[in-house]
Structure formats: structure tokens, C-alpha cells
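These are my notebook entries on a structure that was new to me. I set down what I looked up, entry by entry.

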Amino acid sequence: MKEKIYKRFQEIFGAEGEIGVYFAPGRVNLIGEHTDYNGGHVFPCALTIGTYGAVRKRNDNKLRFYSMNFEHLNVIESSLDDLTPRKNAGWTNYPKGVMWALREKGYEIPCGIDLMLFGNIPNGSGLSSSASVEVLTGYILNDLFDLGISNQDLALLGQFSENNFNGVNCGIMDQFAIAMGKKDHAIFLDTADLSFEYAPIKLEGAKIVISCSNKKRGLGDSKYNERRAECEEALEEIRQKVKVDSLGDLSEEQFEEVRGELMAIGIIWSAAMAGIVIMKKIEPHNRAYPVYAVIVALLFTLSTFFS
């Protein structure tokens, strides 16, 4: 695939100059839905599918974007002097958002770029294509301009750009799993303090199956922000009874104490909070952990359908 995007880049933008080719994976989460912005634990792993990028520096401030997934859009032009979110900019808002975030954090982007992307993550599949583009863009710019940013900070940068440039109040899980993914491992991540450990995910005689529901999913046009607002509402209700900084701070005993309030808000969030508490008690190196995680995630999904 790298050779394919390299050749296509030359066809669209020309063969001159130094062209670099990069890759960032997608991710799947085994358990921990709606917990990464609630200070809870998550258990994602990076995928072998993701986003490929070919890039070349320019000698001006112009930005030229091309997607092999949306070739009918042709080359989309912008500029480092116009890093503002625009609805008609479509997918280019994601790489532009990362450029904007870098500047907001005090990093210099001295010149424009030509950037071509190709993603083999199914569009709208919920496997974090947008976070993959964000981390990929950050990694490319970090490498091109020697910015000295760690992969973990690239994840935080991607989250910052999605929150503040693209208007999606996502947690850190997607970008973290993509930037910090490790072959044959999942990541047991505490989103409250970003402490984590890698857990081996080689499943002898078993496979993780990602099924298609035929329901397109995009955070920006979904009820994601609404769900986050509801979690914040639940936290305020819980704080009337117990002292916690986030939903992830709830102990098992505190959860039992406030169960009534959670049920009043809705079964979905009761299930979610139960998941947060359960996650605290499971050892990620337990061989049954991945299977148990999927079972709990399935129960959470069923509670969504029947609430």
C-alpha cells in the first residue's frame, strides 16, 4: 500500500522533492465505553488497518490535500494563514485541526505541505478513522519539522484538536490507543492519570471479531456530545451524595449507594458506571480478561437497545 500511495502522490502532486510515506492504525475498544472522558479505565488495541499518508514540504504557506478515498473532491487547497474550521472543508478539518493545535501549543510550522491520505478503515465504522488521521498528521509534522513531541503528547494534541477545532468532546482513548499501540497487545489505560500497561492479546484458538451493524457512526454528527453532557449531569447528581471528582472515582461501595440515582437517570448510565467499577477490579493479564471484557461490552450494548 505504501508503494501505491507513493506513486499516486507523484501523479497528483509531481515527482520532485523528498516524499515521505507514513502510517497510523485504527483502534477497537474491548471494554470501557463512555469511560475515557469519565476518568475510568479502557482496554483498546490498535489495528492493522488504518490511514496511510504521503507528504512533501512546500516552499510557501500553501496546504494542498488529496484523499484517495474521496478522489471526486480532487485537490483541496488551503493555507497556514487560514487554519479555521469550515463545514465545506470536509475531511481536511482533521489535519488542519492538528496544525492549529500545534500552533496553539507554541510549535512552529515553518512551511506548508502537500498531503495525500488513504484509509482502509471502513468509513463510519466506529474504528476511529478521525483519530487515526489526527495522530498521523501529528506524527508527520513532528517528523518533518523536528518538533520533539512524544507519542503520548501527540495523542493529547489530537484530542485537543478534536475537542477545540472540530467540536467533538471526545476523551483520550482513541488517540492514545493509536499513538501508543503495540503489536499483539492491548492497552489497559487509566484515563484519570494516563497510567497504563500493555497486556498480551494473543488468543490461541480464538479471534476478536469486529462485526458490521450497517449503522454509520461519526462522532461529530452523532449524539456523542449529548451522551457526555448526560454523564456530566449524572456526576452532578452523584456529588449530592458522595464526594468524587469524576465518575471513575466511584468505589464499589459508593456505586451501590448511588445506584438509585443512576437508575433514575437511565439504565444506560447505570450499566456504564457498573462497567467503570468492574474495570477497576480486573487484572489485565488474566487470560480470561479479553473474553470477559467482550461479554461486559455486549451487556452494555444490550442495555442501550432496551432502555
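Two strands count as paired if DSSP finds at least two bridges between them. I kept this cut-off in mind throughout, and I noted that the model is a predicted one.

Entry 1, strand 7 and its partners. I began with strand 2, residues 41–42, and found it paired with strand 7 in the antiparallel sense over 2 bridges. That pairing stands because two bridges are the least that the definition accepts. I then looked up His41 and found that its bridge partner in strand 7 is Asp190. Next I turned to strand 8, residues 195–200, which pairs with strand 7 over 6 bridges, also in the antiparallel sense. Within strand 8, Glu197 stands opposite Phe188. I recorded that strands 7 and 8 form a hairpin, with 4 residues between them. In the turn, Leu194 has a positive phi of about 65°.

Entry 2, the faces of strand 7. Which residues of strand 7 point one way, and which the other? I found His185, Ile187 and Leu189 on one side and Ala186, Phe188 and Asp190 on the other, and all are buried. Strand 7 spans residues 185–190, and 6 of its 6 residues are buried.

Entry 3, strand 1. I counted 8 buried residues among the 10 of strand 1. Strand 1 pairs with strand 3, residues 44–57, in the antiparallel sense over 9 bridges. As one bridge partner I noted Thr51 in strand 3, which is matched with Ala24.

Entry 4, the nonpolar core. I looked up the largest nonpolar core and found 42 residues, of which Met99, Leu102, Ile113, Phe145 and Phe176 touch the most other members. Among the elements that each supply at least two residues of this core are strand 1, helix 2, helix 4, helix 5 and strand 7. Helix 3 gives the most, with 7 residues. I also listed the contacts of Leu102: leaving aside residues up to four places away in sequence, Leu102 touches Tyr107, Ile109, Leu141, Leu147, Ile149 and Leu157.

Entry 5, Asn142. I located Asn142 in helix 3, which covers residues 129–144. Is Asn142 buried or exposed? Its relative accessible area is 13%, so I entered Asn142 as buried, since buried means under 20%. The side chain of Asn142 reaches the backbone nitrogen of Gly148 at 3.1 Å. Beyond residues up to four places away in sequence, I found Asn142 touching Leu147, Gly148, Ile149 and Leu154.

Technical notes:
Residues are numbered from 1 along each chain as its sequence is written. This is a predicted model: local features need pLDDT of at least 70, side-chain atom pairs count only at pLDDT 80 or more; totals for chains, interfaces and linings use all residues. Side-chain values use heavy atoms; hydrogens and water are left out. Buried means under 20% relative accessible area, exposed over 50%, partly exposed in between (1.4 Å probe, protein chains only). A polar contact is a pair of N or O atoms within 3.5 Å; within protein, one must be able to donate a hydrogen and the other to accept it, and residues adjacent in sequence count only if both atoms are side-chain atoms. Contact means heavy atoms within 4.5 Å. A nonpolar core is a set of buried Ala, Val, Leu, Ile, Met, Phe, Trp, Tyr and Cys residues joined through side-chain atoms within 4.5 Å.
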